[in-house]
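Biologist: Hi! I'm new to this one, could you walk me through it?
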Amino acid sequence: MENNYDDVIERFCGYINKNIIPSFRDYHPEIDRLVVTLNETLKNASAYEPYMPVKDRYDILDAALAFMENNPGMEITGDNVKKNMETLSDTYIILQLKKDMLSNIGFESMTFLKRNNIDVKLDNYDVTYSGKISSLTDSYGKLTRDQDYLDTIYGKFNVERPQDFKGRSLSVSDVVVLCSNHSFNAYYVDSIGCYKLDENFITRSEAVGMVDKWLLNKKEMNNYDEAGNDTEMTGRKIVNSFYKNMAEVYRNRAEKGLFSKDEMLSKARIYDFLATCTSEDIINIYNSGAFNDITEAYARKALFFQQVDYNTAGNVIAEIKSLHDLESVKSVTDWNNETDSEKKWDEGIEIFNEKSDEYEL
């Protein structure tokens with residue numbers, strides 16, 4: 001945001017303070033008039049108008065409305081509006097289920113929720129972290145797409161957890177909200193990837209409120225660990241503690257009669273087992289016989305939906321089977337981490353083709 005906007009913002013805030021009752025229910029019908037007033041303010045401040053794109057005009061309005069909704073009765077200042085504009089253009093928010101909801105629907109996929117007619121509601125979530133999108137980078141510099149942000153956030157909050165993050169490792173049923181210059185979206189962390197939630201899941205005002213709440217409670221949250229984990233634990237200990245917690249959640253659901261008892265107990269047994277595994281155990285599980293009929297069916301279905309022809313699909317399946325026999329899980333996951341962006345993927349293919357040419361010669 002340019003300094004040239006400061007006077008416009010101050011004038012606009014003065015108009016709101018004089019003419020609009022700062023209560024969301026009361027000012028909501030006035031939104032159209034606010035847009036007109038902001039444009040008139042710009043017209044009267046002709047020196048500033050050339051420097052303010054249409055999008056920025058709505059950013060000012062969104063930031064002002066967010067302050068009004070979260071601070072009823074308080075006078076709006078230019079500094080507060082500018083602070084909210086920054087929040088709405090460069091922020092990610094992590095939401096995790098409240099304790100009472102965690103035992104009911106925590107760690108469930110979107111498919112499971114839809115099958116049981118369960119909606120994802122903001123009221124069921126607490127904010128456990130907020131940070132700046134501009135701080136998220138990979139080895140090639142700044143990220144630009146929502147998917148890049150989500151991949152980076154998922155890795156950050158599972159592998160390199162910030163010291164001031166006291167929530168659970170990012171997992172299924174968590175929500176990530178992205179407020180950037182080019183998007184405002186909320187994503188449900190699903191079994192595979194992330195599911196984009198309806199735009200009504202969270203408003204811009206609610207997002208600003210969540211960030212303010214997290215900043216106010218940050219000092220208290222440093223001493224709070226919802227999952228009951230030792231805050232000094234790292235690596236496999238954190239993962240195993242997480243699995244123990246999930247097993248207990250599913251047992252509780254079975255006892256309460258929530259959903260299918262057999263399904264809940266089956267999941268509890270799986271997580272009980274995973275909680276006893278070392279990193280080497282996990283690798284050994286996936287080495288050798290991991291490529292079973294179920295894995296093959298998923299791979300074949302993915303190839304079908306990508307409209308890959310039958311013979312090529314068969315070749316891909318055969319290649320995957322041979323990789324299970326020839327390469328360790330560690331080598332494959334290391335390779336995956338080295339090719340986790342479009343640029344690195346393309347560079348890897350170039351190197352592969354060069355080596356193939358050398359081999360043919």
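Modeller: Happy to; we can talk about the sheet, a few residues and the cavities. Keep in mind that this is a predicted model.

Biologist: Let's start with the sheet. In what order do the five strands come?

Modeller: The order is β2-β1-β5-β6-β7, with antiparallel pairing, and the sheet is open. At the edges stand β2 (125-131) and β7 (194-196), each with a single partner strand, so one side of each has no neighbour in the sheet. From one strand to the next, the twist averages 25 degrees.

Biologist: And what packs on that sheet?

Modeller: Helix α5 (residues 78-89) does, touching β1, β5 and β6 (183-189). The direction of α5 makes about 70 degrees with that of β1. Helix α8 (residues 146-156) also packs on the sheet, where it touches β1, β5, β6 and β7. For α8, the angle is about 130 degrees with the direction of β5.

Biologist: How many bridges pair β1 with β5?

Modeller: Six, between residues 90-97 of β1 and residues 175-180 of β5, in the antiparallel sense. If you want a spot to look at, T91 stands opposite C179 in β5.

Biologist: Then what about β1 and β2, how many bridges there?

Modeller: Six bridges, again antiparallel. Try Q96, whose bridge partner in β2 is D126.

Biologist: You said β2 is at an edge. Is β2 mostly covered or mostly open?

Modeller: Mostly covered: six of the seven residues of β2 are buried.

Biologist: OK, over to β6. How many of its residues are buried?

Modeller: Seven of the seven, so β6 is largely enclosed by the rest of the structure. S183, N185, Y187 and V189 point one way from the strand, while F184, A186 and Y188 point the other way.

Biologist: Which residues do I click on to see β6 pairing with the strands beside it?

Modeller: Go for Y188. It is the bridge partner of V175, and it also stands opposite Y195 in β7. Six bridges join β5 to β6, and three join β6 to β7.

Biologist: What's going on in the hairpin of β6 and β7?

Modeller: Four residues lie between the strands, and G193 takes a positive phi near 75 degrees.

Biologist: Changing topic: where is S171 found?

Modeller: In the loop between α8 and β5. S171 counts as buried because its relative accessible area is 11%, under the 20% cut-off. Leaving aside neighbours within four places in sequence, S171 is in contact with F107, V189 and F242.

Biologist: And L102, buried or exposed?

Modeller: Buried, with a relative accessible area of 8%. L102 lies in helix α6 (residues 99-105). Beyond its neighbours within four places in sequence, its contacts include F107, R168 and N245. The C-alpha atoms of L102 and M246 are separated by 9.4 Å, although the two residues are 144 apart along the chain.

Biologist: Last topic, empty space. How many cavities of 30 Å³ or more does a search of the whole structure find?

Modeller: Two. The largest cavity holds about 50 Å³ of space.

Biologist: Which residues line the largest cavity?

Modeller: Among them are L97, I105, L113, D119, K121 and Y188. By class, its lining has seven nonpolar, two polar and two charged residues.

Biologist: So Y188 turns up again there!

Modeller: Yes, Y188 is part of that lining and is one of the buried residues of β6.

Technical notes. Residues numbered from 1 in each chain as written. Predicted model: local features only at pLDDT ≥ 70, side-chain atom pairs only at ≥ 80, totals over all residues. Heavy atoms only, no water. 1 Å grid on protein atoms, 1.4 Å probe; cavity = no way out; pocket = protein on both sides within 12 Å on 5 of 7 lines; lining within 4 Å. Points joined across faces, edges and corners; volume = space filled by probe spheres on them. Nonpolar A, V, L, I, M, F, W, Y, C, P; charged D, E, K, R; others polar. Pairing = 2+ DSSP bridges. Helix = DSSP H or I, 4+ residues; strand = E, 2+ residues; numbered from the N terminus. Axes fitted to C-alpha atoms, helices over the stretch in contact; angles between N-to-C directions. Contact = heavy atoms within 4.5 Å. Buried < 20%, exposed > 50% of the residue type's maximum accessible area, 1.4 Å probe, protein only.
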